[in-house]
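Please open the model in your viewer and keep the selection panel at hand for a short tour of some helices.

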Amino acid sequence: MSERIVVVGFGQVAARLVDELVPAVRSGLVRLLVVGQEAEAAYNRVMVAELGVGRTTAEALAMADAAALAADGVEVRLGVTVKRIDRARQQVVLSDGTTPGYDRLVFATGSRPVIPNLTGINPDPSHPVLPSGVTALRDLRDAAQLRDAVTAGKRVIVLGGGVLGLETALAAAEEGALTTVVHNGAFPLGRNIDRGGGAVLAASLRNSGITMVGNARSTAVEHNGAQGMFSALVLNDGSRVEGDLLVLSCGVRPRIELAEGCGLPAATGILVDHHLRTYHEPHMFAIGDCAEVRCADAECPECRTASGPAGLVGPGWRQAEWLAEYLILLAEGGQDAADALAPLPQEKPGVVVLKAHGINLAVAGDNSAEPWDDELLSAGVSEGMPRRQVAQWADPEHGRYVKMTTRGGALEGLVTVGMPRTAAELVMLFERGSELPADRSLLLRLDGPEQLGSSASNDDPQRTVCRCAGVSGASIEEAVLDGCSSVPEVSKATRAGTGCGGCHGDIKGIIERHFQGVAA
């Protein structure tokens with residue numbers, strides 16, 4: 001008899017899991033039920049800001065077709081929530097009054113936006129009541145609010161200096177909105193970037209037409225506009241930042257309440273082992289933003305430094321692909337066959353990328369050490385590790401900055417601002433664990449005038465262009481040779497560009513180079 005799998009949540013990660021399981025559904029090996037709280041099937045939530053400024057469409061963001069899935073035999077219930085899970089009976093209690101059973105259940109509940117505790121906003125973090133003109137920019141309806149403001153050239157305030165907040169601010173400013181970023185700390189991206197890179201980034205943002213308000217703590221929102229619309233953000237020094245739309249970009253928290261409600265252990269996320277199984281319950285799994293891979297073995301070296309859910313699309317997709325293979329093996333050959341599958345590989349350190357008109361930023365690893373910080377540079381030497389070295393170059397006037405932190409010649413951390421070719425090369429070296437050239441200045445020359453139009457090593461066809469989906473330049477070139485002539489067509493054929501969207505420019509460049517060659 002086929003196994004019944006229930007997937008709770010229908011976001012980007014769940015969509016990838018469903019895609020991988022569809023062949024098993026068609027063959028009758030598994031029966032699959034997907035429960036989605038939103039009325040729409042899965043779409044690319046990371047690119048909602050692009051929709052909000054009119055650069056893409058809801059159709060282009062779609063990652064699943066409920067009708068097509070139903071034709072394949074997948075049961076999809078949209079606009080339905082899971083009220084609770086009955087572990088004893090292996091049933092889910094749904095808001096539509098039904099209680100379908102399961103043999104395996106997968107939590108793909110994702111995360112919810114952090115709503116700051118501000119006067120004028122309902123403080124309940126699970127069910128905040130946002131005044132008109134205040135949005136967390138998480139779904140298609142939120143995008144419509146941003147679109148209205150941008151179209152009218154209104155004043156948009158972004159609260160938060162993370163990547164998504166900055167990308168939203170840059171996109172809104174480029175499309176004509178008067179944009180302000182309010183953030184805590186001396187510079188944006190304070191959790192990722194060093195002081196020098198942060199200062200150059202802040203200056204670049206100002207040069208892009210964005211008003212930056214740093215070292216700011218918000219205390220309240222005023223909604224004295226027409227019909228109670230948002231009118232100003234109040235800071236702790238009593239000053240007010242006036243605007244027409246407030247975009248809250250203060251981070252996210254994993255949605256773990258459903259798992260906790262049925263007695264499953266959780267920390268920052270739902271605790272799972274290296275097979276993505278929840279603690280003490282082998283029939284249940286978690287993937288994506290809600291899952292924290294931290295096994296119960298206190299001696300596990302991988303889990304000793306685990307820091308919670310990755311919060312990125314790429315790791316979630318890799319979890320979905322691995323779990324689909326595991327679940328299919330369970331259905332085909334039982335537990336012994338599934339246990340023969342190698343555990344989920346440990347994720348490599350993530351790379352933070354910000355790409356916008358006139359701004360290119362990449363950050364990865366540990367960037368805390370400065371060139372003359374002997375204490376940090378010497379850390380680990382007593383245990384036999386090589387001494388850290390830091391190479392740093394800055395040109396604040398032109399918005400260019402590079403920092404390379406190495407140990408034994410290999411990168412431990414990097415920061416680049418305004419140096420796209422150098423950034424691509426350093427990211428490739430970081431991900432491969434390769435040693436840098438002894439003369440670090442060779443890397444800086446990649447963005448020099450003598451390199452314009454040349455074939456630098458960051459054009460290596462084997463380099464990863466889309467880190468979210470793990471797609472190489474060679475795979476994209478092959479898709480172009482097979483007839484793909486636009487970014488959406490390449491995305492459909494290879495999945496490249498369906499995550500954060502940061503590689504769209506690179507994909508477009510590969511397409512253009514191909515057709516230029518054909519024209520010649």
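Are α14 and α15 roughly parallel or roughly perpendicular to each other? This is a predicted model, in which local features need pLDDT of at least 70 and side-chain atom pairs count only at pLDDT 80 or more, while totals for chains, interfaces and linings use all residues. Residues are numbered from 1 along each chain as its sequence is written, and side-chain values use heavy atoms, with hydrogens and water left out.

Select α14 (residues 473–481) and α15 (residues 487–494), whose axes, lines fitted to C-alpha atoms over the stretch in contact, come within 10 Å and cross at roughly 115°. The two helices are therefore roughly perpendicular (65 to 115 degrees). Their contact (heavy atoms within 4.5 Å) joins Ser475, Ile476, Ala479 and Val480 of α14 to Val490, Ala493 and Thr494 of α15.

Next, select α1 (residues 12–26) with α10 (residues 313–339), where the axes come within 8 Å and cross at roughly 25°; this pair is therefore roughly parallel (under 35 degrees). Among the contact residues are Arg16, Leu17 and Glu20 of α1, and Trp317, Glu321 and Leu327 of α10.

Finally, move to α7 (residues 195–207), whose 13 residues should span 18 Å at 1.5 Å a residue (taken times one less than the number of residues), and whose end C-alpha atoms are indeed 18 Å apart. Within α7, the buried residues (under 20% relative accessible area, 1.4 Å probe, protein chains only) include Gly197, Val200 and Leu205. Show α6 (163–174) and β24 (400–407) as well, since both are among the elements that cover the buried residues of α7. After α7 comes Gly209, with a positive phi near 95°.

Terms used
Helix = DSSP H or I, 4+ residues; strand = E, 2+ residues; numbered from the N terminus. Buried < 20%, exposed > 50% of the residue type's maximum accessible area, 1.4 Å probe, protein only. Axes fitted to C-alpha atoms, helices over the stretch in contact; angles between N-to-C directions. Parallel < 35°, antiparallel > 145°, perpendicular 65-115°, else oblique.
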